[in-house]
Structure formats: structure tokens, C-alpha cells
Amino acid sequence: MVKNIKGISIKTKIPITIKIYTRKFPAILLLCRTDGMGCRLSSLLTAMYLSEKLGWKFGFLWDKFFYKYGNDEFMEVPEVDKVFNKDFIDKHCYNGAIQLRHDPTFNPINIDIAPEVKDYQEIWGNYFNHHTSDSKFLKDESFKTYIQKAWKNLPFVDDLKNIIKDIEHLKIKNFIAIHIRNGDVFGKIALNLGNHPIVYRMFPLEIALDIIKNNKNAKIILFSPDGEIISKFAFMLRQKGFEIYTAKDLISDYKQQFYNDFAELIFLSYAKRIYRSDASLYSDLAYYIGNAHSKISIGEIYSPVKQYEIIINNPVKDIYNNSICKIAINIYLYLKYYNAQKNIFKYIKDFLKYLKISEELEIFFFHRVILFHLLNSKRYSTANLFFKKYCDNVLDMIFFKGVYISHAYILDDLKKEILNLIRNSNIYYPFLYKAAYEISLRDKNYEVAIDLLKKINKMGIIESKEKIKKHLSYRLGKIFIDNYNFLSFYKIPFLFYKEYKKYKKEKGI
């Protein structure tokens with residue numbers, strides 16, 4: 001920024017033009033979400049609010065988004081020109097000027113550091129926690145007022161403006177909304193990881209049923225992207241005498257998923273009360289842009305113990321009785337309730353019946369959890385037998401392969417339990433030794449891998465020597481050991497590549 005310039009002296013025979021610019025803003029705050037509509041629009045409005053509070057320039061990056069999580073169910077966000085008008089894009093959109101990051105491993109700082117933003121920079125700017133509407137910094141009364149005003153002034157394209165008018169003409173008000181978002185939580189990626197999407201996004205139908213029973217005389221509308229399941233659920237409830245509708249029953253089909261999701265968002269904003277899962281920026285956005293008196297998460301009204309009792313005693317068997325739904329509800333119960341119980345094996349033994357179907361669906365949450373608790377409770381012999389029977393053939397899928405596998409629930413703790421056992425035990429547990437060796441090798445802990453390989457060879461290999469020698473990990477480990485000296489170390493990458501090509505040829509890959 002140019003300040004306090006008293007004069008400029010330039011000596012030249014050639015006529016020149018000097019332009020001096022001053023910065024209007026000290027910094028720019030950019031929205032850079034790449035996921036669904038609720039998160040995207042909620043964060044956009046929050047970025048606009050913070051920009052005004054901080055005296056910064058507001059900008060955003062935008063990428064189209066598509067995620068299919070069911071046979072006919074998916075989420076999408078189209079290109080930016082299908083959402084906002086040209087003037088808004090020209091003024092605030094920085095597509096092409098700055099690279100949009102899709103790195104799922106980045107850990108953002110919390111937005112509570114604002115407005116005195118600290119010097120925490122990553123590539124090109126300061127990153128904030130994406131759950132912006134839950135931040136303490138945004139709890140002042142002006143936030144909702146600003147969001148409502150900003151929402152009304154957002155220059156949407158005409159198609160979206162027409163949807164807003166359509167919903168206004170419905171004149172359906174004073175209803176209770178239950179936002180049930182389970183579809184994408186039931187996806188294989190989320191279930192295999194078994195982390196926060198299950199704990200915070202899932203809304204068990206049993207909990208929804210209990211809320212409905214407690215509001216029996218109210219007009220209740222169910223909002224959900226899970227079309228088939230929610231339609232069955234609503235039909236079952238109407239058969240029992242409840243006045244229940246789904247949002248899809250009451251609004252037009254706009255033939256495009258984004259338009260339908262947008263229409264439901266506008267409709268949800270007319271609710272007088274919104275029940276939601278513990279983390280839903282979609283329902284948060286509806287609350288902030290609308291006039292609901294309250295938004296209530298299931299964690300606020302049901303303790304983990306109460307949720308467990310409701311789900312176990314009143315299962316909605318007829319609605320989601322397929323395998324993946326059963327797996328999902330049991331993962332939810334484990335994360336919410338079972339994990340905190342002292343008699344954990346009372347519940348974990350029931351997970352054994354899901355291992356085969358889980359393996360077929362490439363969901364390995366239960367494999368990791370059972371193995372972890374066996375090791376953590378020092379049941380090493382049982383853990384070794386369990387690994388032999390259920391884990392050995394899918395070792396790669398449990399520990400290494402799959403999208404975002406490094407973020408899988410309990411994975412790091414499981415690895416530590418295995419490696420600690422091997423370091424501290426004089427008893428040979430062959431399959432756990434094999435797992436420890438693979439973990440060390442894949443995590444590039446070569447010193448540990450070498451020691452383990454020597455112990456395995458010394459104590460007796462878990463399979464015939466000829467068979468184990470065919471494993472790629474063994475072959476690469478042997479190369480590493482044979483060349484682990486000053487004179488030969490530089491050759492290791494080339495020898496690895498040569499051995500890998502030989503391995504692929506043998507396997508016909």
C-alpha cells in the first residue's frame with residue numbers, strides 16, 4: 001500500500017506516464033469450498049459477512065461438483081454461471097487466477113482467530129475452519145440479520161429466482177421440519193472410514209420416529225436427499241395415523257438435482273422449527289436465511305445412551321433392512337455408544353456376523369475395530385487367530401488402499417498397537433508379525449521393517465519359504481537388506497524398479 005508520498009523526481013528525455021495505485025482493501029477473503037450446495041452457499045455467505053467485518057475484499061472460487069451415493073441418488077453443484085449472474089462473477093469470482101485446492105489432508109485453522117488474523121499462511125492465504133456457522137466469532141446477533149439480507153441480495157440466475165418465487169407461492173408455513181440426511185453417509189467411502197460423517201451427519205430413522213411421536217399433533221415435513229427410503233418411511237407413518245409429508249410430495253420436480261435441492265432448501269427455510277443431525281450446513285443455512293425459531297440437533301436432546309435405547313428398542317426394520325443400512329447403523333452405535341462401554345466385547349461379538357458382507361462391500365471398519373480392541377485388551381493369541389481368519393487376505397484394504405484411507409477411524413491407533421506388541425513381546429505371533437512388517441515397509445520405516453524381516457526368518461516364517469519369497473514386499477525388503485550399505489545404497493531404487501517389473505510380468509499385470 002502506498003502511503004505518505006511527498007514527491008517523485010525522475011530524470012528522463014523520453015515522455016513517460018506514471019500511475020500510482022493504492023490498495024482499497026488490506027487483504028482478500030476467499031471462499032474455496034468444493035463440496036455440496038449447503039456447505040458451499042453457507043460458507044459463501046459467511047465469507048461475505050467476515051469480509052465486511054474485517055474490511056477485506058470478498059472473493060470466491062467455484063468448481064462443479066458431482067457425487068453419486070445411491071442407484072438414483074446423487075448431489076451436484078453446477079458451474080458458477082448456472083448459479084450467479086455475470087456481474088457478480090466478474091466482480092468476485094477468481095477462477096483461473098488462483099488454484100482451487102482439493103487436498104483432503106489439509107487441517108484448517110479455526111475461524112475464532114479472526115478478526116486479528118495471525119500470520120498462518122499456506123500457499124496463498126489464511127485458511128479457516130469450514131464449519132463457520134458454529135464458530136464463537138459468529139455468535140453475535142448481527143450474523144443472522146446480515147445473512148438474511150445478503151441472501152435476498154444474492155444475484156442468482158433467473159432459474160433459481162423463479163424457484164424461490166414458486167416456493168413463496170406454496171404458502172405452507174408453521175410446520176416442523178426434520179432434515180434426514182443419510183444417503184451419502186451410507187456410501188462405501190464414508191462407512192469404510194467410519195469417522196465424523198457417521199457420527200455427526202447420520203440421522204437414524206428411529207430417532208426421527210421418536211421426535212415425530214413427541215410432536216404428534218404438529219404438521220411435520222420430512223426433508224431428505226434419500227428419496228426411496230424417506231418415501232417408505234413417510235408412508236409407514238401415515239399408515240399409523242401421523243400427518244406426515246415429504247418435501248418432494250409438496251414441491252415441483254425441477255428435473256435437475258441441483259434445482260430440486262435448491263427448492264428444498266428454500267422450503268426448509270419456512271419451517272418454524274428444524275430438527276437436524278449434529279452437523280449439517282444445509283439445514284444451518286435454511287435456519288439462517290429463514291425465520292425458524294430454533295434449529296435443534298439430535299445430540300442436544302438425546303444423549304448417546306438414550307439414542308442407543310431408542311434405536312435398539314424401536315428398530316425401523318421394514319425401511320432400511322438391507323445390509324449396508326445395517327452396517328451403517330451399527331457403526332453409528334459403536335461410535336456413539338459402544339466405544340465408551342467397559343464391556344465392549346459384549347457388543348463387538350455381534351459385529352462378527354457383518355464381516356463377510358462388509359468384505360464384499362469393501363467396508364473394513366469392523367475388521368479394524370475388532371482387531372484394535374483385541375490388541376488393546378492384550379488378547380494377543382486371539383488377535384493373531386482373528387487376523388489369520390478375517391484380515392490376512394484383505395490386509396491391503398484394511399491398512400493401505402482406498403480413498404482417504406489414511407483418515408480411517410482408529411487406523412493409526414491400530415498400527416501403533418501392532419508395532420508396540422511386536423517390539424515388546426518375545427512370543428511369535430506370525431500373522432501380527434506379518435502385518436507389522438507390511439505396515440513398517442509401507443510407512444517407510446525401513447529400519448523397523450529390516451529388523452522384523454530378520455525376526456520372521458529367524459523364528460519361522462508364517463507360510464512356506466518358497467511361497468513367502470514370492471510376495472513383493474518380501475522381495476523388496478530382501479533387496480533393501482542386501483544393499484543396506486554405503487557402497488550399494490544408491491542402487492536400491494533401480495533394483496526396486498527392476499524387481500517390480502519382474503513381479504508384474506510374473507503376475508501378468
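**View 1. Helix 11 against the sheet in the predicted model.** Helix 11 (residues 281-289) lies across strand 5, strand 8 and strand 9. Its direction is at about 170 degrees to strand 8. The model shown here and in the other views is predicted.

**View 2. The open sheet of five strands.** The strand order is 7-6-5-8-9, and the pairing is parallel. Strand 7 (244-246) and strand 9 (294-297) form the edges, each pairing on one side only. On average, neighbouring strands of this sheet are turned by 25 degrees against each other, direction ignored. Three bridges join strand 6 (residues 220-223) to strand 7 in the parallel sense. Leucine 222 has threonine 246 in strand 7 as its bridge partner.

**View 3. Helix 7 on the sheet and beside helix 8.** Helix 7 lies across strand 5 (176-179), strand 6, strand 7 and strand 8 (273-276), and runs at about 170 degrees to strand 5. Helix 7 (residues 205-214) also packs with helix 8 (residues 227-239) at an angle of about 35 degrees, the axes being 12 Å apart. The crossing of helix 7 past helix 8 is right-handed. From helix 7, Leu205, Ala208, Leu209 and Ile212 meet Ile229, Ile230, Phe233 and Leu237 of helix 8. By class, this contact has eight nonpolar residues, with no polar and no charged ones.

**View 4. Surroundings of histidine 367.** Histidine 367 is part of helix 17 (residues 365-376). With a relative accessible area of 1%, histidine 367 counts as buried because that value is under 20%. Apart from neighbours within four places in sequence, histidine 367 is in contact with Leu355, Ser358, Glu359, Phe386, Tyr390, Cys391, Val394 and Ile398.

Notes:
Residues numbered from 1 in each chain as written. Predicted model: local features only at pLDDT ≥ 70, side-chain atom pairs only at ≥ 80, totals over all residues. Heavy atoms only, no water. Axes fitted to C-alpha atoms, helices over the stretch in contact; angles between N-to-C directions. Helix = DSSP H or I, 4+ residues; strand = E, 2+ residues; numbered from the N terminus. Left-handed = near helix turned anticlockwise from the far one by under 90°. Contact = heavy atoms within 4.5 Å. Nonpolar A, V, L, I, M, F, W, Y, C, P; charged D, E, K, R; others polar. Buried < 20%, exposed > 50% of the residue type's maximum accessible area, 1.4 Å probe, protein only. Pairing = 2+ DSSP bridges.
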